[in-house]
Amino acid sequence: MLANKRAFTLVEILIVVSILGVLMGLGSLNYANSLERGRDQRRRADLQNIRANLELYKSKLPNSYYPTTLVVLRNAGYEVSQDPRLKVDYIYAPRNNSGLACTNQGVNFCTRYTLTATLELGGTYSVTEKLSY
């Protein structure tokens, strides 16, 4: 005869496995959300750094204007970070005093700009030129 052995039943094992599955699912959602929050924070910091480099670029030019593209800024030796997930440049929209597109030729100098990042958790984050009074 068989001795009285204690073992888990199939139902008990299935319950434990399903509880572990639910806990792992919740943990992975929280982990993904924290990664998105971290990348959004990085985007905000990147835009502030690019803004500082744009101001430095402008201050070193005799006519005091901003570059027409971020590539021009990068080619001038300034650090221009890219979106941490998509690995593309942020949205840079330089404008002249009238708020129109600029070319930095003739009298159509880039004196204003908006730099924008799309956030993963919704919305956008933008910075503009520092106004001097």
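Start your tour by selecting Arg43, which is buried in this predicted model. Its relative accessible area is 2%. Now add Glu120 to the selection: Glu120 and Arg43 form a salt bridge, and their closest N and O atoms are 3.1 Å apart. This pair connects distant parts of the chain, with the two positions 77 residues apart. Arg43 sits in helix 1, while Glu120 belongs to the loop between strand 2 (112-118) and strand 3 (124-128). Unlike a buried residue, Glu120 is partly exposed, at 22% relative accessible area; the cut-off for buried is under 20%.

**Stop two: along helix 1**

Stay on helix 1, which covers residues 10-59, and select Asp46 and Arg42. Their side chains meet in a salt bridge, at 3.7 Å from N to O. How far apart are Asp46 and Arg42 in helix 1? They are four residues apart, so about one helical turn separates them. Colour the two by accessibility and you can tell them apart: Asp46 is buried, with a relative accessible area of 5%, whereas Arg42 is partly exposed, at 41%.

A general idea helps here: side chains of opposite charge can pair when their charged atoms come close.

**Stop three: strand 2 and beyond strand 3**

Next, select Glu129 and Arg112. Here is another salt bridge, with the closest N and O atoms 3.9 Å apart. This pair also links distant parts of the chain: Arg112 is in strand 2 and Glu129 is in the segment after strand 3, 17 residues apart. Which of these is buried? Glu129 counts as buried, at 9% relative accessibility, and Arg112 is partly exposed, at 28%.

Then select Arg39, Asp40, Arg43, Asp83 and Glu120 together. Salt bridges that share partners join these residues into one network. In total, the structure holds seven salt bridges.

**Stop four: the largest pocket**

Keep Arg43, Asp83 and Glu120 in view, for these residues are among those lining the largest pocket. To see the rest of the lining, add Arg85, Leu86, Val88, Asp89, Tyr90, Ile91, Thr116, Ala117 and Thr118. The pocket has a volume of about 160 Å³. Which strand gives the most to the lining? Strand 2 does, with three residues. Try colouring the lining by character: five residues are nonpolar, two are polar and five are charged.

**Stop five: a nonpolar patch on the surface**

Return to helix 1 and pick Val22, which is located there. Val22 counts as exposed, at 51% relative accessibility. Now show the surface and select Val11, Ile15, Val16, Ile19, Leu20, Leu23, Leu26 and Leu29 along with Val22. Together they form a nonpolar patch with about 890 Å² of accessible area.

**Last stop: two backbone angles**

Most residues other than glycine have a negative phi. Two loop residues are worth a look with that in mind.

- Select Lys87, in the loop between helix 2 (70-75) and strand 1 (91-95). Lys87 is not a glycine, yet its phi is positive, at about 60 degrees. Lys87 counts as exposed, at 53% relative accessibility.
- Select Asn104, in the loop between strand 1 and strand 2. Asn104 also has a positive phi, near 60 degrees, in a residue other than glycine. Is Asn104 buried or exposed? Asn104 is buried, with a relative accessible area of 15%.

Notes: Residues numbered from 1 in each chain as written. Predicted model: local features only at pLDDT ≥ 70, side-chain atom pairs only at ≥ 80, totals over all residues. Heavy atoms only, no water. Salt bridge = Lys/Arg side-chain N within 4 Å of Asp/Glu carboxyl O. Buried < 20%, exposed > 50% of the residue type's maximum accessible area, 1.4 Å probe, protein only. Patch = residues over 30% accessible without salt bridge, like charges linked within 9 Å, V, L, I, M, F, W, Y side chains within 5 Å. Areas by Shrake-Rupley, 256 points an atom, 1.4 Å probe, with all protein chains shown as cover. 1 Å grid on protein atoms, 1.4 Å probe; cavity = no way out; pocket = protein on both sides within 12 Å on 5 of 7 lines; lining within 4 Å. Points joined across faces, edges and corners; volume = space filled by probe spheres on them. Nonpolar A, V, L, I, M, F, W, Y, C, P; charged D, E, K, R; others polar.
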